[in-house]
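Open the model in your viewer and keep a selection panel at hand. The stops below go from one strand to its sheet, then to the core and the whole chain.

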Amino acid sequence: MPHATLVPDPAAHRGGAALLLALACAVSCAAEPPRPVEVVIPPLRAADVPPLQPKHAEERSDSCVLRGKSIVRRFELALTSAGRPYAVVSRARSAELTLAADGSMPLEVDAGGVTFSGFATKDDTPIFATKPVSIAGAIVPYGWAELRFAGLERGAVRVMLDSDWLPELVKGLEEEPAGVTPCDALSLAPGSFDPVAALGMSGADTATVSGEPVLVGRRADEDAALSLWPSPDSPPVARIAGRAGDRARIVLPLADVVVYGWVDGSQLARASKAAPLSPRRSAVRMDRAVFAPSTVACPRPVPITAEVDGEARFVGHVSAGKAMGLELDQDGGLLLAVEGSGFQPSGLAELRIRSDDLRGCRVKEAH
């Protein structure tokens with residue numbers, strides 16, 4: 001994604017000329033030398049936002065912490081676990097997501113020159129597998145399939161697979177099938193492992209699967225966990241993991257998941273080789289370039305306050321020396337962009353910089 005471009009709007013620039021001159025005069029033209037400015041971070045009130053988990057929370061049984069660097073994906077941050085997002089990050093220099101016992105998801109993101117903290121939402125924050133994760137005892141998602149945090153369970157993480165990632169030929173599962181996995185099998189970025197190779201099935205015999213339906217059980221003598229409805233014109237090719245009487249255990253790679261379990265052996269026909277797969281990769285939604293009427297740089301870190309739904313709190317900093325795209329007003333400015341970062345304010349939320357924190361800052365000329 002290209003970096004956000006800080007391009008002043010000429011009309012807005014002329015209309016805000018008096019304000020920019022006043023800001024420059026307040027900084028550079030005062031009769032007395034400007035007083036030193038101390039950046040004061042307003043304390044968070046426990047009643048407003050629950051505290052984030054400690055850095056090594058992954059070592060505790062009541063949380064799971066996922067960390068990553070150089071992540072190109074979408075994060076939404078809210079002031080509270082159930083609130084609306086105040087900012088959307090499209091790429092992160094680093095990120096730390098805590099899967100907490102109370103179901104919340106505290107999130108800290110360095111978006112490159114600007115940091116944010118808050119809460120992620122379950123519906124809009126997928127996580128990914130880095131090792132085989134069994135879903136409903138019959139499915140293993142590929143590393144790019146999106147999983148949702150569903151809670152902690154006996155020191156492990158319960159995750160759900162969105163039904164959109166299941167091919168049409170798979171029927172009979174719950175709308176959002178779930179599974180339990182260790183924390184170290186999850187990641188903030190899509191994984192690249194091959195479930196079939198991880199299951200030791202790369203060299204197994206293959207067979208086409210046909211019939212309507214093909215009932216798949218978790219065990220040879222167990223009722224079906226799901227059913228398959230393969231096309232008679234292009235039956236899928238499975239690997240044979242074992243046989244027990246007239247039953248056969250199959251491992252069936254599909255576009256985004258691998259189905260495994262026991263089927264009626266009469267519904268299999270020997271195949272010469274596995275059919276090629278066309279896996280779907282998760283697309284990353286990219287943000288558009290941001291145009292800001294004013295560009296300001298400060299010699300020190302600048303605190304950011306987020307305001308959404310009538311609630312406001314300190315959420316992070318802009319790094320010292322970074323050019324900020326601002327819409328200036330009498331209270332300071334609305335933060336629209338930061339040089340080299342990947343974020344934007346969300347919806348009707350506002351990211352604000354106080355006027356006191358702009359003292360000593362420099363208005364940059366447009367080129």
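Two strands count as paired if DSSP finds at least two bridges between them, and strands (E, at least two residues) and helices (H or I, at least four) are DSSP runs numbered from the N terminus. This is a predicted model, in which local features need pLDDT of at least 70, side-chain atom pairs count only at pLDDT 80 or more, and totals for chains, interfaces and linings use all residues. Residues are numbered from 1 along each chain as its sequence is written, and side-chain values use heavy atoms, with hydrogens and water left out.

**Strand E20**

Select residues 302-308, strand E20, together with residues 350-354, strand E25: the two pair in the antiparallel sense over three bridges. Glu-307 stands opposite Glu-350 in E25, and Ala-306 faces Leu-351 of that strand.

Now add E21, which runs antiparallel to E20 and is joined to it by seven bridges. Here Ala-306 stands opposite Arg-313. Two residues lie between the strands of this hairpin, and Asp-309 takes a positive phi near 55 degrees.

Colour E20 by accessibility, with buried meaning under 20% relative accessible area, exposed over 50% and partly exposed in between (1.4 Å probe, protein chains only). Five of its seven residues are buried, so E20 is largely enclosed by the rest of the structure.

**The sheet**

Extend the selection to the open sheet of seven strands, in the order E21-E20-E25-E23-E22-E19-E26, with antiparallel pairing. At the edges are E21 (311-318) and E26 (362-363); each has a single partner strand, so one side of each has no neighbour in the sheet.

**The core**

Next, show the largest nonpolar core (buried Ala, Val, Leu, Ile, Met, Phe, Trp, Tyr and Cys joined through side-chain atoms within 4.5 Å). Among its 86 residues, Tyr-86, Leu-99, Phe-116 and Leu-335 touch the most other members. Strand E2 (residues 85-100) contributes the most, with seven residues.

**Aromatic rings**

Rings of Phe, Tyr and Trp (its six-membered ring) pair if their centres lie within 6.5 Å; planes under 30 degrees apart are stacked, over 60 edge-to-face, the rest tilted. There are three aromatic pairs in the structure. Select Tyr-142 and Trp-144: their ring centres are 4.7 Å apart and their planes at 10 degrees, so the pair is stacked. Both residues are buried. Then select Tyr-86, Phe-116 and Phe-343, which form one aromatic cluster.

**The whole chain**

Zoom out to three helices and 26 strands. Of the 367 residues, 47% count as buried.
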